[in-house]
Each structure stands twice: as C-alpha cells, then as structure tokens.
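Open your viewer and get your selection tool ready. We will go from stop to stop, and at each one you will hear what to pick and what is there.

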Amino acid sequence: MTVYEYRAGLEGVPATQSSISYVDGQKGILEYRGTAIEDLASQSNFLETAYLLIWGEFPDAAELASFEAEIYEHRRMKYRISDMMKSFPESGHPMDSLQACAAALGLFYSKRALDDPAYIRAAVVRLLAKVPTMVAAFQLIRKGHDPIRPRDDLSYAANFLYMLNEKEPDPFAAHIFDVCLTLHAEHTINASTFSAMVTASTLTDPYAVIASAVGTLAGPLHGGAAEEVILMLEEIGSVDHVPAYIEHCLEHRQKIMGFGHRVYKVKDPRASILQKLAEQMFDKFGQDKYYDIAIALEKTVAERLAGKGIYPNVDFYSGLVYRKLGIPTDMYTPVFAISRTAGWLAHWKEQLGENRIFRPTQIYTGMHQVPYIPVEER
Ligand code: CMC
C-alpha cells in the first residue's frame with residue numbers, strides 16, 4: 001500500500017509548475033515573469049502588468065494600445081446583471097455580489113472554446129473590463145443610486161474610482177490606486193489562485209473559474225484581511241492601547257490581522273511599497289491617526305513575533321491607502337479581486353496549456369466494516 005505524507009494546508013507541496021510569478025520568502029523577493037515587483041510598481045501600470053502576466057511578455061506600444069482599447073470597449077455592464085444586483089440585499093457583502101455576478105457572466109457567453117486563442121482573449125478582456133464595473137455598481141446600487149457608465153476618457157484605475165465615488169478622482173490618487181492594482185495582481189499559488197486552477201482543470205468556463213476564486217479570496221485569512229486590519233486599528237483606537245492589544249491576542253492565540261505569511265518570513269515587499277504609498281497619500285491628502293497605530297503595531301509585533309518570522313503582509317498597509325482613496329472598508333477585498341483577476345486569468349490560461357484534472361488523495365481516518373443498524377434499533 002502506498003503511504004503518503006500528509007501536509008496540513010498542503011504546506012510546501014508543489015501543486016503545479018508555473019512561469020508566472022516567483023517568491024523568495026526568505027529574501028522578500030517577488031517577481032512577475034522575472035521582473036521585480038518594485039520595478040513594475042514604479043515603472044509599469046496595471047494593464048501592462050496584466051498583459052505581461054497573461055501573455056508572458058511585455059506588450060509593445062501597439063499591442064498595449066489595442067489591449068487597452070479592447071478593455072475600455074467592454075467596460076459597460078450588462079443591464080441584466082445590474083437588474084440582478086438590484087435584487088441583492090443591500091446589507092450583503094460586496095464579495096458575495098461579485099461572486100454571483102462573475103458566475104452570471106457565464107450565462108451570456110455559454111459557447112465554450114477553450115482551445116481557441118480568440119475565445120481566451122475575449123474572456124480575458126471581458127473579465128478584466130467588467131469586474132471593476134460590477135464592483136462599483138454594487139456600491140451605488142446599495143446606496144439607492146443607479147450605476148454610472150464607465151468613462152472612455154479615464155484610465156482603468158481612474159475610471160474605477162470615478163464609478164465607485166461618482167466623481168473624477170485626483171490624478172495622483174488614481175496613480176496610487178493603479179500601483180495598488182499592480183501590487184496585488186499575482187502571487188503564485190495562494191488559496192484563491194489554487195481554487196481557480198482546480199476549477200480550471202475541470203475545463204469549465206472562465207467565469208466559473210473567476211467566481212470560485214472570488215469566493216476563496218473573500219475569507220479573513222486571505223484577501224479579507226485588509227478589511228479586518230482597519231477594523232482592528234479602529235478597535236485599538238490609540239497608540240497607547242497597542243501593547244495591551246497584542247498581549248490579549250497572544251494570550252488568546254488570536255491572529256493579528258495583516259501579519260504572517262505562509263511563504264514570507266520577512267516583511268512582504270508589497271507591504272513596504274504600500275507603506276510608502278500610504279505616506280505619500282497622507283502628505284498630499286492629510287494625515288491619518290490610524291497610521292501611527294499601525295507603525296506602533298508593527299514595532300510591537302516585531303519585538304514579540306519576529307522570532308517566528310511574522311511580519312506585515314500585503315494586507316497590512318493597503319487598507320490605509322484605500323481609506324484615503326475614499327474606498328469603503330468592505331470594498332477592500334473586491335478591489336483586491338479586481339486586481340487579482342489578472343493573476344487568476346494568467347493561471348487559467350497556463351492551466352489550459354498542459355491540463356490534468358486536479359484529483360489529490362486523502363488519508364482516511366474513519367472506520368471500516370461498520371454494520372448497518374436499522375434506525376428503530378439504534
Ligand atoms: N498573529 C499571531 N500569530 C501568528 C500570525 C498572526 N497574524 N500568523 C501566524 N502566527 C503564528 C501562529 O499562531 C503559529 O504559531 P505556533 O507555531 O506557535 O502555533 C505560527 O505563527 C504559524 O502560523 P500558521 O497559522 O500555521 O501559519 P500559516 O502559514 O498556516 O498561515 C496566514 C498563514 C497568513 C493565514 C497567517 O499568518 C494568518 O492567519 N495571518 C493573519 C491573517 C492575514 O493577515 N492574512 C493575509 C495573508 S497575506 C495576503 C493574502 O493571502 O491575501
């Protein structure tokens with residue numbers, strides 16, 4: 001009988017071979033297709049990065065222009081999707097709305113041709129184009145407003161902020177948001193990407209792939225952490241309360257949100273970039289008292305938990321940036337999903353290239369040969 005070694009959470013188990021991104025968790029390195037995240041954050045933009053992730057190389061000027069034009073052309077939402085959203089409870093979480101809407105998109109494009117590059121490109125374009133529109137629409141619909149149409153003269157990032165906040169954003173704010181999207185676009189085989197790959201491996205449609213990834217991203221141990229970080233900073237309330245808060249968490253074995261990572265054992269490079277972006281936002285748009293609490297928290301956690309390799313992850317500083325951009329707290333994870341759609345689609349495309357259905361095994365811990373006892377005799 002074959003004996004398999006069980007690894008809780010599949011820690012250290014390679015689930016695929018991939019050339020999309022690379023993480024060195026000891027040195028704090030993240031690369032997309034071999035290019036350092038720091039270079040992409042400072043010199044590229046989200047759509048160029050998405051193209052790189054999905055097609056494996058940087059687009060030339062003409063390729064980038066036509067990719068952007070296709071996306072801008074498909075940003076409008078289906079009326080039937082917005083009608084469906086109007087029937088959702090306003091109190092529901094926007095991630096649930098996004099998951100339902102991503103799946104519903106598949107109803108409109110049910111003819112599947114996974115071996116046709118034109119089909120793949122159309123699905124990539126539609127999803128990258130429509131996910132932000134669907135996220136922003138839920139925000140307006142739950143406020144009792146009608147969703148507003150995308151503006152062709154605005155960039156991907158600026159248009160999303162415009163659709164969400166119903167006003168054209170400051171260009172600097174739009175630039176910072178674009179960098180946030182670039183930073184969150186891809187991160188090897190995290191839980192939601194793994195979920196996307198498992199779903200993709202059944203050869204279902206790409207809308208189901210994105211819907212299952214959205215559902216996985218929503219949890220507080222994954223993308224939901226950014227929202228939890230802001231709630232935590234609000235609960236702590238002042239720098240003086242930080243030590244007691246940390247003691248309480250450690251005593252009750254409660255996770256401190258925005259800290260720790262399966263792969264990084266040093267500060268997540270994205271957290272360092274986001275921290276700088278947060279500082280730039282405060283310089284331009286005014287300080288935020290929660291930033292001081294965050295700094296104190298990082299220092300105290302380092303004193304207490306650095307020995308375990310626990311440092312800020314990507315979700316620690318992102319919420320502080322999003323607050324300054326006027327993004328509501330429960331929209332942080334949907335914003336993460338907008339960006340990560342690029343990575344999920346890259347893995348979907350890669351999975352199709354050499355597909356084998358995911359079907360792992362298990363180590364059975366139950367009983368055998370249990371006799372059946374009729375209900376009246378139990
Ligand atoms: N606060 C306090 N202790 C922690 C934390 C934390 N945030 N993270 C890990 N630990 C401790 C944990 O208690 C355990 O200690 P011990 O060995 O004494 O039992 C040890 O570190 C290993 O933790 P783990 O939970 O086994 O680690 P994991 O690799 O299974 O989980 C994680 C990784 C990110 C889920 C976890 O660190 C965590 O829950 N962090 C808080 C939630 C969070 O910030 N999530 C965002 C993750 S990064 C972006 C994303 O994926 O979206």
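**Stop 1: the small sheet**

Start by selecting β2 and β3, which pair in the antiparallel sense over 2 bridges. Keep in mind along the way that this is a predicted model. Within this pair, pick Glu31 and look across to Ala36 in β3, which stands opposite.

Now add β1. The resulting open sheet has 3 strands in the order β1-β2-β3, with antiparallel pairing. Its edges are β1 and β3 (35-36), each of which pairs on one side only.

The β1 and β2 (residues 29-32) pairing is antiparallel too, and runs over 4 bridges. Select Ser21 here and you will find Tyr32 of β2 opposite. The two strands, β1 and β2, make a hairpin with 4 residues between them. In that turn, click on Gly28, which has a positive phi of about 70°.

Before leaving, show the side chains of β1 (residues 21-24). Which of them are buried? Ser21 and Val23 are, and they point to one face, while Tyr22 and Asp24 point to the other and are not buried.

**Stop 2: the two domains**

Zoom out and colour the chain by its domain assignment: domain 1 covers 17-223 + 329-353, and domain 2 covers 225-324. Their centres, taken over C-alpha atoms, are separated by 25 Å.

Next, highlight where the domains meet. Here 25 residues of domain 1 are in contact with 23 residues of domain 2. On the domain 1 side, β2, α1 (37-43), α8 and α16 each supply at least two residues. Which of the elements gives the most to this side? That is α8, with 6 residues. Coloured by character, the domain 1 side divides into 15 nonpolar, 8 polar and 2 charged residues.

**Stop 3: around the ligand**

Move to the ligand and select its shell, which holds 19 residues. The closest are Ala225, Phe259, Gly260, Arg262 and Asn313. By character, this shell divides into 7 nonpolar, 8 polar and 4 charged residues.

Where does the ligand lie with respect to the two domains? Both domain 1 and domain 2 give residues to its shell, so the ligand lies between them.

**Stop 4: the annotated pair**

Now select His261 and Asp315, which UniProt lists under "active site" in an unreviewed entry. They span 55 residues in sequence, yet their C-alpha atoms are no more than 10.6 Å apart, so the two gather at one spot.

Take His261 to begin with. Its place is the loop between α12 (242-251) and α13 (269-285). Is this loop residue buried or exposed? His261 counts as buried because it has 21 C-beta neighbours inside 10 Å, where 20 or more are needed. Leaving out residues up to four places away in sequence, His261 touches Asp268 and Asn313. You have already met Asn313, one of the closest residues to the ligand.

Turn to Asp315, which sits in helix α15 (residues 314-324). Asp315 is buried as well, with 29 other C-beta atoms within 10 Å. With the same sequence neighbours left out, Asp315 touches Ala225, Ala226, Val229 and Gly258. Ala225 is another of the residues closest to the ligand.

**Stop 5: along helix α15**

Stay with α15 and select the whole helix. 10 of its 11 residues are buried, so α15 is largely enclosed by the rest of the structure. Among the buried ones are Val314, Phe316, Tyr317, Leu320 and Lys324.

To see what covers them, show α8 (171-184), α11 (225-236), α13, α14 (289-305) and α16 (332-353), which are included in that cover. Just after the helix, click on Gly326, whose phi is positive, near 80°.

**Stop 6: Leu277**

For the last selection, pick Leu277 in helix α13. This leucine counts as buried, with 21 C-beta neighbours inside 10 Å. Which residues does Leu277 touch, not counting those up to four places away in sequence? The contacts are Ile176, Val179 and Val321. Draw a distance from Leu277 to Val179: these residues are 98 apart along the chain, and their C-alpha atoms are separated by 8.7 Å.

Conventions: Residues numbered from 1 in each chain as written. UniProt positions renumbered as here; feature names shortened; annotations may be inferred. Buried ≥ 20, exposed ≤ 12 C-beta atoms within 10 Å, placed from the backbone. Contact = placed C-beta atoms within 7 Å. Near = placed C-beta within 6 Å. Nonpolar A, V, L, I, M, F, W, Y, C, P; charged D, E, K, R; others polar. Domains from an automatic or database assignment. Pairing = 2+ DSSP bridges.
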